[in-house]
Amino acid sequence: DVTINYRHRLPVITLTLPTRSERCQFTIKPMVTTVGAFLQDVQREDKGIERVEVFATDGSKVSDATLMEVLLMNDFKLVINNTAYSVSPPVKDKLSSEHATEMEDIKSLVHRLFVALHLEDHQIRKERELLQKLDHLKEELLPLEQLKTRIMDSASAKTSRLLWVGLALMSTQGGALAWLTWWVYSWDIMEPVTYFITYGSAMAFYAYFVLTKQDYIYPDAKDRQFLHYFYRKSKKQHFNVERYNKLKEDLAEAEESLRRLRQPLRLRLPIQEISDKD
């Protein structure tokens, strides 16, 4: 038989272990102990128990997540291996309103302590997972960062050379026009030439706007040419820009999650400790 008695206001479940054929008592903390935890304690006490379950009187199985306090409110069946025991918890004495209020306060306090302890474990486990994720992302990013640096240096050098070539061509053009104006021909002959050169330059700038939908501003044009060289070099070097950007986003997200997890308010640090850390 399975009996339940109250000792120091805590229920004590007494049952016979099938393998050892001896009575064993289990003291229950109803406000924090679940049905699953109680069943695990029974199986740990007797290794010969292969099956232990709890059923309601209507035959429905009681969930392992149910608190023992809820289970002990009504009759139930305890099945150990192939033997079923009908259990009738004793009716508790009615408490005074003042004592009942005190008990509710204790229950609330125990619940808050339970949540706080498990929250700390969750934060530690989450922090460990984020640190492992950060290390993994940094290991993946390291070779990509090195390759990206080499590609950027190459693209920057080509862009700089292109700017100097443009300056050299403009200087050469200006010198050629001056030479033709003062030493070969006269200004009357060269004036239409310079006009059409200026008009051709305006057409080139307008074509740039038509193709790019942007004004020809020197810094923007330089950045556009840099990106052109960068992506062309990346394709030759098999540098996956999309994968690199995705890893950087994941890294930034993980770092932000870790920063938020380590905030003093989330860690529930005392005010004095928060001030010391600041």
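**Exercise 1. Identify the residues that make the nonpolar surface patch of about 790 Å², and state which helix gives the largest share of them.**

Solution. The nonpolar patch, with an area of about 790 Å², is made by Trp179, Trp182, Trp183, Val184, Tyr185 and Ile189, and the model in which these residues are found is a predicted one. The next step is to place the residues on the elements of the chain: helix 3, which covers residues 97-184, supplies four residues, and this is the largest share of the patch. Trp179 is one of the patch residues, and its place is in helix 3.

**Exercise 2. Find where UniProt places the feature "transmembrane region", and describe the chain over each span.**

Solution. The record, an unreviewed UniProt entry, places this feature at residues 162-181 and 193-211. Taking residues 162-181, one finds that the chain is 100% helix and 0% strand, with the end C-alpha atoms 28 Å apart. Turning to residues 193-211, one again reads 100% helix and 0% strand, while the end C-alpha atoms of this span lie 27 Å apart.

**Exercise 3. Describe the second largest pocket by its volume, its lining residues and the elements that supply them.**

Solution. Begin with the volume, which is about 550 Å³ for the second largest pocket. The lining of this pocket consists of 17 residues, of which Leu163, Gly166, Met170, Tyr216 and Tyr218 are the closest to the centre. Two or more lining residues come from each of helix 3, helix 4 (187-212) and helix 5 (218-236), and helix 3 gives the most, with eight residues. Sorting the lining by class then yields 12 nonpolar, four polar and one charged residues.

**Exercise 4. Determine how many cavities of 30 Å³ or more the whole structure holds, and work out what lines the largest cavity.**

Solution. Rolling a probe the size of a water molecule over the atoms shows where empty space is left. A search of the whole structure finds one cavity of 30 Å³ or more, and the volume of the largest cavity is about 50 Å³. Its lining is formed by Ser154, Lys158, Tyr229, Arg232, Lys233 and Lys236. The elements that contribute two or more residues to this lining are helix 3 and helix 5, with helix 5 giving the most, namely four residues. As a last step, the classes of the lining of the largest cavity are one nonpolar, one polar and four charged residues, whereas the lining of the second largest pocket has 12 nonpolar, four polar and one charged residues.

Terms used
Residues are numbered from 1 along each chain as its sequence is written. This is a predicted model: local features need pLDDT of at least 70, side-chain atom pairs count only at pLDDT 80 or more; totals for chains, interfaces and linings use all residues. Side-chain values use heavy atoms; hydrogens and water are left out. UniProt positions are given in the numbering used here, feature names are shortened, and annotations may be inferred rather than shown by experiment. Patches are made of residues with over 30% relative accessible area and no salt bridge: like charges are joined within 9 Å, nonpolar side chains (Val, Leu, Ile, Met, Phe, Trp, Tyr) within 5 Å. Accessible areas come from the Shrake-Rupley method with a 1.4 Å probe; for residues, only the protein chains shown count as cover. A salt bridge is a side-chain nitrogen of Lys or Arg within 4 Å of a carboxyl oxygen of Asp or Glu. On a 1 Å grid over the protein atoms alone, a cavity is a set of points where a 1.4 Å probe fits but cannot get out, and a pocket is an open set with protein on both sides within 12 Å along at least five of seven lines; lining residues have an atom within 4 Å of a point. Grid points are joined across faces, edges and corners, and a volume is the space filled by probe spheres set on the points. Ala, Val, Leu, Ile, Met, Phe, Trp, Tyr, Cys and Pro count as nonpolar, Asp, Glu, Lys and Arg as charged, and the others, Gly among them, as polar.
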